[in-house]
Amino acid sequence: MPSFGGVFVAVIIGTVLSMILKRVTTDETMKKKIRDHDAFKAKQIEEMKAIQFNQKLNQIKNLNIKCPTCGSNDVDRISTGKKLAYVATVGILAPAFKKVRSQFQCRECRYKW
Ligand SMILES: [Zn+2]
């Protein structure tokens, strides 16, 4: 039968050890979380940059194109991919939709032509 003092010391050591272990694990988890978050943020920034770049490119490309309704230069070219996706959604009714027949969309008044 171990002495009371021995058991007490063992319990204390056990508690301290488990606390340290828990702390280390928490630290690692936190670090991983921060790393993941950083990676996620970096990815988001990259995507934002790509979107902004595309928008600028579109604006340059569409510089000579004006909205027939409001005269704005801020127009979007409706890409073939977008149209195809739309056709896939609405199917046989697609030709009835202006979005499919139009080439451009104004970002100011949303007019399509
Ligand atoms: Zn417009």
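## R110, just past the last strand

With 11 C-beta neighbours inside 10 Å, R110 counts as exposed. The cut-offs behind that word go by the other C-beta atoms within 10 Å of a residue's own, with C-beta atoms placed from the backbone: 20 or more makes a residue buried, 12 or fewer exposed, and anything in between partly exposed. You'll find R110 in the segment after β2. Its phi is near 65 degrees, a positive value in a residue other than glycine. For background, most residues other than glycine have a negative phi.

## What you're looking at

This is a predicted model, in which local features need pLDDT of at least 70 and side-chain atom pairs count only at pLDDT 80 or more, while totals for chains, interfaces and linings use all residues. Numbering starts from 1 along each chain, as its sequence is written.

How confident is the predictor? The mean pLDDT (the predictor's confidence in each residue, from 0 to 100) is 86 for the protein, and 94% of the residues score at least 70. Among the elements, strand β2 (residues 104-106) has the highest mean, 92, and helix α3 (residues 98-101) the lowest, 80.

## Overall layout

The protein has three helices and two strands, and they come in the order α-β-α-α-β along the sequence. Both kinds of element are DSSP runs numbered from the N terminus: helices are H or I with at least four residues, strands are E with at least two.

Don't expect a ball here. The radius of gyration is 31 Å, whereas a compact globule of 113 residues would come in near 13 Å. That radius is taken over C-alpha atoms, and the globule rule is 2.2 Å times the number of residues to the power 0.38. Along the principal axes, the C-alpha atoms fill a box of roughly 95 × 35 × 20 Å. Buried residues make up just 3% of the 113.

The domain assignment (automatic or from a database) splits the protein into domain 1 (1-61) and domain 2 (65-113). Their C-alpha centres sit 45 Å apart.

## Helix α1: G14 and N58

Helix α1 runs over residues 4-61 and includes N58; G14 lies in this helix too. G14 is exposed, because 10 other C-beta atoms lie within 10 Å. From G14 to V90, 76 residues along the chain, the C-alpha atoms are separated by 67 Å.

What does N58 touch? Leaving out residues up to four places away in sequence, N58 touches D76 and R77, where contact means C-beta atoms, placed from the backbone, within 7 Å. N58 and D76 are 18 residues apart along the chain, with 7.0 Å between their C-alpha atoms. N58 counts as partly exposed because it has 16 other C-beta atoms within 10 Å.

Across the protein, 52% of the contacts with a separation of 6 or more are between residues 24 or more positions apart.

## Helix α2 and its end

How many buried residues does helix α2 have? Zero: α2 (residues 80-90) is hardly covered, with none of its eleven residues buried. T80 lies in this helix and is exposed, because 9 other C-beta atoms lie within 10 Å. T80 is 23 residues along the chain from Q103, and their C-alpha atoms are 8.9 Å apart. After α2 comes G91, with a positive phi near 65 degrees.

Definitions and conventions: Two residues are in contact if their C-beta atoms, placed from the backbone, lie within 7 Å.
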